[in-house]
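Here are some comments on the model you sent, set out as numbered points. Please read them with the structure open.

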Amino acid sequence: MLDRILALFDDRSDEAPARRRDALHMAAAALLVEVARSDDTIDEAERARILTLVRQRFGLDAGDARALLRHAEATTQEGAGLFDYVQTIIARCPPDERVWIIEMLWEVVYADGRVADLESNLLRRIGGLLHVSDQERGAARKRVLDRLGLAE
């Protein structure tokens, strides 16, 4: 899996479906890490939530999920930037299917039980870059609150 992860951000149109899928997974994981790190640290609740989300959403086993998270953390520390991850998602995910990443991001935001202004601003910015409307982002947030049993 590590070899697949290391070659992810090459945006060739003739790439194999598995490579496109792996690139999408890496970009999504990197955005999850960026949101978790927006307060300068990733706590254990956020890390555990990211691992659960990538396992469920991408069908990964525990080892592959940990490898993906480690690589996402390393990549985001190197400063690749939101734009690269967003561009990867845009290239590999149709517009009407991008709201799932917003839901995953909200789950990471709520993992530590509080929402910082910086986190909600970052989600607004990522949603805009992904061309997910304010209405869709708000509905995604509400679904996450309902799923987690949290009040608004």
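The points below go from the overall fold to the core and then to one helix pair.

1. This is a predicted model, in which local features need pLDDT of at least 70 and side-chain atom pairs count only at pLDDT 80 or more, while totals for chains, interfaces and linings use all residues. Residues are numbered from 1 along each chain as its sequence is written, and side-chain values use heavy atoms, with hydrogens and water left out.

2. The protein has eight helices and zero strands, where helices (H or I, at least four residues) and strands (E, at least two) are DSSP runs numbered from the N terminus. Of its 152 residues, 46% count as buried, meaning under 20% relative accessible area with a 1.4 Å probe and protein chains only.

3. In the largest nonpolar core (buried Ala, Val, Leu, Ile, Met, Phe, Trp, Tyr and Cys residues joined through side-chain atoms within 4.5 Å), which has 44 residues, Leu31, Val54, Ile101 and Leu105 touch the most other members. Helix 2 supplies the largest share, eleven residues. Leaving aside residues up to four places away in sequence, Leu105 touches Leu31, Leu32, Val35, Leu123 and Ile126, a contact being heavy atoms within 4.5 Å.

4. Helix 6 and helix 8 pack at an angle of about 50°, with their axes 9 Å apart; the axes are lines fitted to C-alpha atoms over the stretch in contact, and angles run from 0 to 180 degrees between N-to-C directions. The two helices are therefore oblique to each other, the class left after angles under 35 degrees (roughly parallel), over 145 (roughly antiparallel) and 65 to 115 (roughly perpendicular).

Terms used:
Buried means under 20% relative accessible area, exposed over 50%, partly exposed in between (1.4 Å probe, protein chains only).
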